Amino acid sequence: MEWLKPSEANNQFEDNTDSFSDFKIREFIPNSNFEKKYSLLTQFFLLLGCQDENSVTSLFVDRIDNQVIDEIIMHFDNTKIVLENEVPSEIMLNKPNQESLSLIRSGHINPIIKNLYGTISKSQYEWKPQIIQDNT
């Protein structure tokens, strides 16, 4: 193993404490004027979030608008918002709402989402690579 050489210990990271950001994580508690809406986004994030009961799905944002709240956040029982200098930068989604999951599973799932996750049974979806065959 002559090609291995010892690494020189040098600091490649600059210490810049003047630009230190203020990070906070806050729980999102919706107020009563938000309602659940179902969309392609809802299907995507709910089925992604239910892959593992302890999973957390991160959604990086620069703002949180009503569409994100109504179509995504409202469908999770545990949502946290990461704030950087009081500006939202990340939404952490955990514990998909079982009522929302049941509703989308009992209805028509968009073919793109169905293709993305594939099916194990009528009630379970799992992400897996799909082989697409060209029949032309």
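These legends describe close-up views of a predicted model.

Residues are numbered from 1 along each chain as its sequence is written, and side-chain values use heavy atoms, with hydrogens and water left out. Because the model is predicted, local features need pLDDT of at least 70 and side-chain atom pairs count only at pLDDT 80 or more, whereas totals for chains, interfaces and linings use all residues.

**View 1. Overview of the elements.** The protein has four helices and six strands. Helices (H or I, at least four residues) and strands (E, at least two) are DSSP runs, numbered from the N terminus. The elements run β-α-β-α-β-β-α-α-β-β from the N terminus on. Of the 136 residues, 29% count as buried. Buried means under 20% relative accessible area, exposed over 50%, and partly exposed in between (1.4 Å probe, protein chains only). Contact means heavy atoms within 4.5 Å. Among contacts between residues at least 6 apart in sequence, 66% join residues at least 24 apart.

**View 2. The four-stranded open sheet.** Its strand order is 1-3-4-2, and the pairing is antiparallel. Two strands pair if DSSP finds at least two bridges between them. Strand 1 (23–27) and strand 2 (57–60) are the edge strands, each paired on one side only. From one strand to the next, the twist averages 20°. Axes are lines fitted to C-alpha atoms, for helices over the stretch in contact, and angles run from 0 to 180 degrees between N-to-C directions.

**View 3. Strand 1 against strand 3.** Strand 1 and strand 3 (residues 76–84) run antiparallel, joined by five bridges. K24 has L83 of strand 3 as its bridge partner. R26 stands opposite I81, also in strand 3.

**View 4. The hairpin of strand 3 and strand 4.** Eight bridges join these antiparallel strands. Opposite V82 stands E90 of strand 4. Two residues lie between the strands of the hairpin. N85 is found in the loop between strand 3 and strand 4, and so is E86. N85 has a positive phi of about 55°; E86 has a positive phi of about 70°. Neither N85 nor E86 is a glycine. Most residues other than glycine have a negative phi. N85 counts as partly exposed, at 44% relative accessibility. E86 counts as partly exposed, at 44% relative accessibility.

**View 5. E90, a buried charge in strand 4.** E90 lies in strand 4. E90 is buried yet has no salt bridge. A salt bridge is a side-chain nitrogen of Lys or Arg within 4 Å of a carboxyl oxygen of Asp or Glu. The nearest side chain of opposite charge, K80, is 12 Å away. The E90 side chain instead makes a polar contact with the side chain of S58 (2.6 Å). A polar contact is a pair of N or O atoms within 3.5 Å; within protein, one must be able to donate a hydrogen and the other to accept it, and residues adjacent in sequence count only if both atoms are side-chain atoms. Leaving out residues up to four places away in sequence, E90 touches S58, L59, F60, V61, K80, I81 and V82.

**View 6. Helix 1 across the sheet.** Helix 1 (residues 40–49) lies across strand 2, strand 3 and strand 4 (87–96). Helix 1 runs at about 145° to strand 2. Its buried residues are T42, Q43, F45, L46, L47 and G49. At the start of helix 1, a side-chain oxygen of S39 reaches to within 3.2 Å of the backbone nitrogen of L41.

Note on methods:
Lys, Arg positive; Asp, Glu negative; His and termini not counted.
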